[in-house]
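Dear colleague,

Please find the structure below for your own inspection. My notes on it follow, arranged by region.

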Amino acid sequence: MATKLTIDEGNSSTKIALWRDDVMVAVSTCSSGSVEHVAAMAGADAPVDTAIFCSVCRRDPSAVRKALSGLARKVIVLDASTPLPVQIGYRTPGTLGADRIAAAAGATVLAPGRTALVVDMGTAITYDVVHPDGTFIGGNIAPGIFVRLEALNHFTKALPLVETDGDCPRWGYDTETALRSGAIRGVVGELQYYRHCLTDDAVVILTGGSADLIIPYISSAIIVEPNLVLKGLNCIIDYNEDK
């Protein structure tokens, strides 16, 4: 039985999962920090057969491998040059975020043979399309909900910084609700537009730390998978082992 470690480092938090073959037996979240900090958080599960590291922070691969070398017999630092179970159709694969690659791989596990719109709701929101043959054709990047609210406060003289918790009516009845609804429901509108651009049989897969904020306002069918990137990373480990 293979023991695997998948590490997904985002802008504000890092998710770590331990796998026995294809079963996720443990998952934890910690604040993002140095690679050494992440390694220390994951170290309780060492040693493992393979560890894979995915980050939005453009880490130095050699530094990552050194930090994780004590945790696993084999370390994979994911990028577009890694052997992948998906095809990359991006014109500049070297600039493609590793988290987007992993999420695309996860989509092929959740919805094999279907067009998938992968929506990752984090500090930034990514809308990515995976074709039924497993080709990642590209996608768009937009500000996340918190970034929208913070930007409106920062770049204006009168608008306050509001929290995401609270009433979110279709039409704001005061400045606070107008800002909150504009940010949250605006993202819902984006998602629905991109879904409208795809074929009728396409599936929407939603993940990311802010996903819960928009779920109440989505009327169409979606798949919600908080651990989509981790599942994609596990899939990529298996693909490399099979090769």
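I begin with a contact between two helices: in α3, Asp 99, Ala 102, Ala 103, Ala 105, Gly 106, Ala 107, Val 109 and Leu 110 meet a set of residues in α7, namely Leu 228, Val 229, Lys 231, Gly 232, Leu 233, Cys 235 and Ile 236. Please bear in mind throughout that this is a predicted model. The axes of α3 and α7 (residues 228-242) come within 7 Å and cross at roughly 85 degrees. The two helices are therefore roughly perpendicular to each other.

The sheet

Helix α3, which spans residues 98-110, also lies across β6, β7, β8, β9, β10 and β11, and runs at about 125 degrees to β9. These six strands form an open sheet with mixed pairing, in the order β6-β9-β8-β7-β10-β11. Its edge strands, each of which pairs on one side only, are β6 (87-88) and β11 (223-224). As general background, the strands of a sheet pair through backbone hydrogen bonds, in either a parallel or an antiparallel manner.

Strand β8 (residues 124-130) runs antiparallel to β9 (residues 135-143), and seven bridges join the two. Ala 124 has Pro 143 as its bridge partner in β9, and Ile 125 stands opposite Ala 142 of that strand. The two strands form a hairpin with four residues between them, and Gly 134 in the turn has a positive phi of about 90 degrees.

On the other side of the pairing described above, β7 and β8 run antiparallel and are joined by six bridges. Val 130 in β8 is the bridge partner of Ala 116. A hairpin of two connecting residues leads from β7 to β8. Six of the seven residues of β8 are buried, so this strand is largely enclosed by the rest of the structure.

A buried charge

Which side chain of opposite charge is nearest to Asp 120? Asp 120 belongs to strand β7. The residue in question is Arg 100, at 8.3 Å, and Asp 120 is buried without a salt bridge. Apart from its neighbours within four places in sequence, Asp 120 is in contact with Asp 99, Ile 125, Thr 126, Thr 207, Gly 208 and Val 229. Two of these contacts bring us back to the helix pair, since Asp 99 in α3 and Val 229 in α7 are among the residues that meet there.

Salt bridges

The count of salt bridges comes to nine. The following deserve a mention.

- Asp 49 and Arg 73 meet through their side chains, at 3.0 Å from N to O. This pair links distant parts of the chain, with Asp 49 in strand β4 (residues 48-55) and Arg 73 in strand β5, 24 residues apart. Asp 49 is partly exposed, at a relative accessible area of 28%, whereas Arg 73 is exposed, at 62%.
- Glu 176 forms a salt bridge with Arg 180, and their closest N and O atoms are 2.6 Å apart. Both residues lie in helix α5 (residues 175-196), and because they are four residues apart they are separated by about one helical turn. Glu 176 counts as partly exposed at 41% relative accessibility, while Arg 180 is buried, with a relative accessible area of 1%.
- Lys 231 and Glu 225 form a salt bridge in which the closest N and O atoms are 3.2 Å apart. Lys 231 is partly exposed, with a relative accessible area of 27%, and Glu 225 is buried, with 12%.
- Lys 4, Asp 22 and Asp 238 are linked in a network of salt bridges.

Two further residues

Lys 74 is found in strand β5 (residues 72-77) and counts as partly exposed, at 33% relative accessibility. Leaving aside its neighbours within four places in sequence, Lys 74 is in contact with Asp 49, Thr 50, Ala 51, Asn 240 and Glu 241. Its C-alpha atom and that of Ile 52 are separated by 8.5 Å, although the two residues are 22 apart along the chain.

Asp 21 is found in the loop between β2 (13-20) and β3 (23-31). Its phi is near 55 degrees, a positive value in a residue other than glycine. For context, most residues other than glycine have a negative phi. Asp 21 counts as partly exposed, at 34% relative accessibility.

With kind regards

Terms used:
Residues are numbered from 1 along each chain as its sequence is written. This is a predicted model: local features need pLDDT of at least 70, side-chain atom pairs count only at pLDDT 80 or more; totals for chains, interfaces and linings use all residues. Side-chain values use heavy atoms; hydrogens and water are left out. Two strands pair if DSSP finds at least two bridges between them. Contact means heavy atoms within 4.5 Å. Axes are lines fitted to C-alpha atoms, for helices over the stretch in contact, and angles run from 0 to 180 degrees between N-to-C directions. Buried means under 20% relative accessible area, exposed over 50%, partly exposed in between (1.4 Å probe, protein chains only). Lys and Arg count as positive and Asp and Glu as negative; His and the chain ends are not counted. A salt bridge is a side-chain nitrogen of Lys or Arg within 4 Å of a carboxyl oxygen of Asp or Glu. Angles under 35 degrees count as roughly parallel, over 145 as roughly antiparallel, 65 to 115 as roughly perpendicular and the rest as oblique.
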